[in-house]
Amino acid sequence: VFTKQAAPPGKRFFFKHGDYHSFSVQDEFSRETFYYDLKHKTAIPVTMPVAITDNFNWRTRLAKINDSLFTMNGKEEGFYLVHYNAPLKKYDISPDLYFKNNFCQSIFSDKEQRLWIATNNGLYRRKRSSATVDRFTILSADGIVNSVFEIRNIAVANNKLCVATGG
């Protein structure tokens, strides 16, 4: 059994992601997030280039793009890239903020390596092979074109992209 206390008693921390083999947590006042690999029974610190309380909170999520690349959304805008260096067993967060001026609620990479970004200003798709970003227009339930929907979550089921909207 692999057990380790994620935070000292009385300290607040936030879960960033969780799946069958791993999870990550952030201490509220630390400059680190910890990535716990349950399969290999390891805990790896992820040092932040910016102050956690200024840029990350309970709404922040870690999304896996591939084996060496993740995204971590900011508490109010944009997202950061997180790179995993396998030989050093180390995670590094880029200080660059992507999609500034958009709250990125969900980020997903499909099987064709396209990055889907759910924001408060609509749904975007970025092709990995180019810097092209497409913005999607969504029809409301009554068939009216609404160019700005708050996209709350995205997922794939049976090879179809499912989008949860608000507004």
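What follows is a walk through the packing, aromatic contacts and charge pairs of this structure. Please keep in mind that the model is predicted.

Let us begin inside. The largest nonpolar core has 12 residues, namely Tyr35, Ile44, Val46, Met48, Phe56, Leu62, Phe70, Met72, Tyr80, Val82, Tyr91 and Ile93. Four strands each give two or more residues to this core: β4 (42-47), β6 (69-73), β7 (79-85) and β8 (90-93). A second core, separate from this one, is made of 11 residues, including Ile65, Ile107, Leu115 and Ile117.

Now turn to the rings. Across the whole structure there are eight aromatic pairs. One of them joins phenylalanine 70 and tyrosine 91, whose ring centres are 5.7 Å apart; their planes meet at 65°, so the pair is edge-to-face. Because phenylalanine 70 lies in strand β6 and tyrosine 91 in strand β8, this contact ties together parts that are 21 residues apart in sequence. Are these two residues buried or exposed? Phenylalanine 70 has a relative accessible area of 4% and is therefore buried, and tyrosine 91, at 6%, counts as buried too. Both residues also belong to the largest core described above, and together with Tyr35 and Tyr84 they form one aromatic cluster.

Another pair to look for is phenylalanine 99 with tyrosine 124. Here the centres are 5.2 Å apart and the planes stand at 75°, so this pair is edge-to-face as well. Phenylalanine 99 sits in the loop between β8 and β9 (104-109), while tyrosine 124 belongs to strand β11 (residues 122-126), so the pair links parts that are 25 residues apart in sequence. Tyrosine 124 is buried, with a relative accessible area of 12%.

One ring has a charged neighbour over its face: arginine 59 lies above phenylalanine 103, at 4.0 Å from the ring centre.

Charged groups also meet one another. Side chains of opposite charge can pair when their charged atoms come close. The structure holds five salt bridges, and some of them share a residue. Which residues are linked in a network of salt bridges? They are Asp110, Glu112 and Arg114. Arginine 114 is the residue that joins the other two: its closest contact with aspartate 110 is 2.8 Å between N and O atoms, and its bridge to glutamate 112 is 3.3 Å, N to O. The members of this network differ in how much of them can be reached. Aspartate 110 is buried, since its relative accessible area is 11%. Arginine 114 is partly exposed at 22%, and glutamate 112 counts as exposed at 52% relative accessibility.

A further salt bridge connects arginine 125 and aspartate 134, at 2.8 Å from N to O. Arginine 125 falls within strand β11 (residues 122-126). With a relative accessible area of 16%, arginine 125 is buried, whereas aspartate 134 counts as partly exposed at 23%.

Finally, come out to the surface. Val156, Leu161 and Val163 make a nonpolar patch of about 190 Å². Valine 163 has its place in strand β16 (residues 160-166). Why does valine 163 count as partly exposed? Its relative accessible area is 32%, and the partly exposed class lies between the buried residues, under 20%, and the exposed residues, over 50%.

Notes:
Residues are numbered from 1 along each chain as its sequence is written. This is a predicted model: local features need pLDDT of at least 70, side-chain atom pairs count only at pLDDT 80 or more; totals for chains, interfaces and linings use all residues. Side-chain values use heavy atoms; hydrogens and water are left out. Patches are made of residues with over 30% relative accessible area and no salt bridge: like charges are joined within 9 Å, nonpolar side chains (Val, Leu, Ile, Met, Phe, Trp, Tyr) within 5 Å. Accessible areas come from the Shrake-Rupley method with a 1.4 Å probe; for residues, only the protein chains shown count as cover. A salt bridge is a side-chain nitrogen of Lys or Arg within 4 Å of a carboxyl oxygen of Asp or Glu. Buried means under 20% relative accessible area, exposed over 50%, partly exposed in between (1.4 Å probe, protein chains only). A nonpolar core is a set of buried Ala, Val, Leu, Ile, Met, Phe, Trp, Tyr and Cys residues joined through side-chain atoms within 4.5 Å. Rings of Phe, Tyr and Trp (its six-membered ring) pair if their centres lie within 6.5 Å; planes under 30 degrees apart count as stacked, over 60 as edge-to-face and the rest as tilted. A charge sits over a ring if NZ of Lys or CZ of Arg is within 6 Å of the ring centre and within 35 degrees of the ring normal.
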